[in-house]
Amino acid sequence: MLNTPAQGGLWIAFKATLKRDATLMFRRRGELLNPLVFFALVVTLFPIGISPDPVVLSLIAPGLLWVTALLAALLSLDSLFRTDYDDGSLEQLLLTPQPLAALGLAKVVAHWLFTGLPLAIVAPLLGVMLALPAGSYMVLSLSLAIGSASLSLIGAIGAALTVGIARGGVLLSLLILPLYIPVLIFGVGAVQAAINGDGIAAHLAMLGALFAASLLLAPWAIAASLRISING
Amino acid sequence: MSLGLQARQLACERDGRWLFEGLDLDVRCGEIVRIEGPNGSGKTTLLKLLAGQLGDYHGELYWNGERFHKVREHFLANLLYLGHSPGVKAGLTPLENLAWYQALNGDKGDEEQCLNALFHVGLGGFEDVLAGQLSAGQQRRVALARLTLTRRALWVLDEPFTAIDRQGVVALEKQLAAHVQAGGSVLVTTHHALAVSPAVRCVQLG
């Protein structure tokens, strides 16, 4: 009657979790648009609030786009584990014979595909509105794509830690925001360098390094945080 | 092969209050153990603890005679836990829910098997309806379909009869009886009078 622990099967579980989260996000398209709408709205308001002068706008555009994208990504994080926690599937996720870190990573990948990546794709369009100088659009997209992957990974640790708390949104922001600052610095740095005609490789390399480090470490931290949250 | 889950001198504290202290519990194969007690007496906490979800307890847990944390993987490969919340995603169909649970076990999954399991719990024809549109009882039945779908020796069921209608209760009781006759074991909390043929052992909390 007893089973021995199944060998392998991690890839199947990973793919299934990714597919499940993607399906769920796709079925809640309204919520999916929230970060994008936030991003677009804030960027639209700045020229009205500050000055429509292209010279002024192009000066602040890289930082503005990056900060707004960062906040948009942060907004969407709270729900990452919340629904699973509420309907009991998080408990089940913790009781599978598969490593929790890998399944947590699958959820983060789904989150990035549906928030970080769309933000990176939309950013150049909004860059036009802020008179972002030509030649920096590709860099903006690329730095946002790499950077938002790190943001999703780091943010998921905070989301996992605060999932057991009824209104963890503020706490999540306070926990995560300081960890976002290095990503922000190098992300904006890459776009600035592209505008000034300097080399962008160093900034992108740092973004890549941050991404590699968070890819390596965040899944374990997410798994540990989820266990703490469920224990509480 | 036999299975056994033992707890020795188990104690758990919540908010400065001992839910239970010095609890000795044995779950052997072919046995239904029912945890009884009034609301708030720690039944759910005990089940979570015995399912290896909680770490903040005193005492020792053994699985087949070995310390819990050493054989955690083997234990999890033989455990089916259905919690207070059914663990059914409202945004997915019953079929998708079951397919995910199968995949979590590293099993590629077989649609035929999932459909059979759903038919078995009386959800034939509902496999493609979003679970959010099903009633509470039907959602519970989606979770219960996992009992048919996934072969596990130890079932830990927290209030499995909640929201289930009379025919469903009879069917579930039969399923529990069949499981223990086949050598499995069941750990269950319920306020419902269990009419299962083999002897049900009761453990009183609170």
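# Close-up views of a predicted two-chain model

**Figure 1. Chain B as a whole.** Of the 206 residues that make up chain B, 42% count as buried, and the reader should keep in mind throughout that this is a predicted model. The secondary structure of chain B consists of six helices and nine strands. For a chain of 206 residues, a compact globule would be expected to have a radius of gyration near 17 Å, and chain B, with 17 Å, agrees with that expectation. Taken along the principal axes, the C-alpha atoms of chain B fill a box of roughly 50 × 35 × 35 Å. Among the contacts in chain B between residues at least 6 apart in sequence, 69% join residues that are at least 24 apart.

**Figure 2. The two domains of chain B and the contact between them.** The domain assignment divides chain B into domain 1, which is made up of 1–78 + 154–206, and domain 2, which covers 83–151. The centres of the two domains of chain B, taken over C-alpha atoms, are separated by 23 Å. Where the domains of chain B meet, twelve residues of domain 1 are in contact with nine residues of domain 2. On the domain 1 side of this contact, strand E7 (154–158) and helix H6 (166–181) of chain B each supply at least two residues, and the largest share, three residues, comes from H6(B). The residues on that side of domain 1 of chain B divide into five nonpolar, four polar and three charged.

**Figure 3. The antiparallel sheet of chain B.** Four strands of chain B form an open sheet in the order E2-E1-E4-E5, and their pairing is antiparallel. Strand E2 (17–28) and strand E5 (66–67) of chain B are the edge strands, each of them pairing on one side only. Strand E1 (residues 4–14) of chain B runs antiparallel to E2(B), and eight bridges join the two. A view of this pair can be centred on Arg14(B), whose bridge partner in E2(B) is Arg17(B). As a general point, the strands of a sheet pair through backbone hydrogen bonds, either parallel or antiparallel.

**Figure 4. Strands E6 and E7 of chain B.** In contrast to the sheet of the previous view, with its antiparallel pairing, E6(B) and E7(B) pair in the parallel sense, over four bridges. Within this pair, Leu82(B) stands opposite Leu157(B) in E7(B). Leu79(B) and Tyr81(B) point one way from E6(B), whereas Leu80(B) and Leu82(B) point the other way, and all of these residues are buried.

**Figure 5. The contact between chain B and chain A.** The contact between the chains takes 38 residues from chain B and 29 residues from chain A. On the side of chain B that touches chain A, the elements that give two or more residues are helix H2 (72–76), strand E6 (79–82) and helix H3 (94–104) of chain B. H3(B) gives the most to this side, with five residues. The residues of chain B on the side that touches chain A divide into 19 nonpolar, 13 polar and six charged.

**Figure 6. Chain A and its annotated spans.** Chain A has nine helices and zero strands, and 46% of its 232 residues count as buried. A compact globule of 232 residues would have a radius of gyration near 17 Å, and the 19 Å of chain A agrees with this; along its principal axes the C-alpha trace of chain A spans about 75 × 35 × 30 Å. Of the contacts in chain A with a separation of 6 or more, 82% are accounted for by residues 24 or more positions apart. An unreviewed UniProt entry gives the annotation "transmembrane region" to residues 32–50, 56–77, 112–132, 138–163, 170–195 and 201–226 of chain A. One of these spans, residues 32–50 of chain A, is 95% helix and 0% strand, with its end C-alpha atoms 29 Å apart. Residues 56–77 of chain A are 100% helix and 0% strand, and there the end C-alpha atoms are 32 Å apart.

**Figure 7. The surroundings of Asn196 in chain A.** Asn196(A) has its place in helix H8 (residues 169–196) of chain A. Because Asn196(A) has 11 C-beta neighbours inside 10 Å, this residue counts as exposed. Ser136(A) is 60 residues away from Asn196(A) in sequence, while the two lie 9.3 Å apart in space, C-alpha to C-alpha.

Methods: Residues numbered from 1 in each chain as written. Chains lettered and ligands numbered in written order. Predicted model: local features only at pLDDT ≥ 70, side-chain atom pairs only at ≥ 80, totals over all residues. Domains from an automatic or database assignment. Contact = placed C-beta atoms within 7 Å. Nonpolar A, V, L, I, M, F, W, Y, C, P; charged D, E, K, R; others polar. UniProt positions renumbered as here; feature names shortened; annotations may be inferred. Rg over C-alpha atoms; globule rule 2.2 N^0.38 Å. Buried ≥ 20, exposed ≤ 12 C-beta atoms within 10 Å, placed from the backbone. Pairing = 2+ DSSP bridges.
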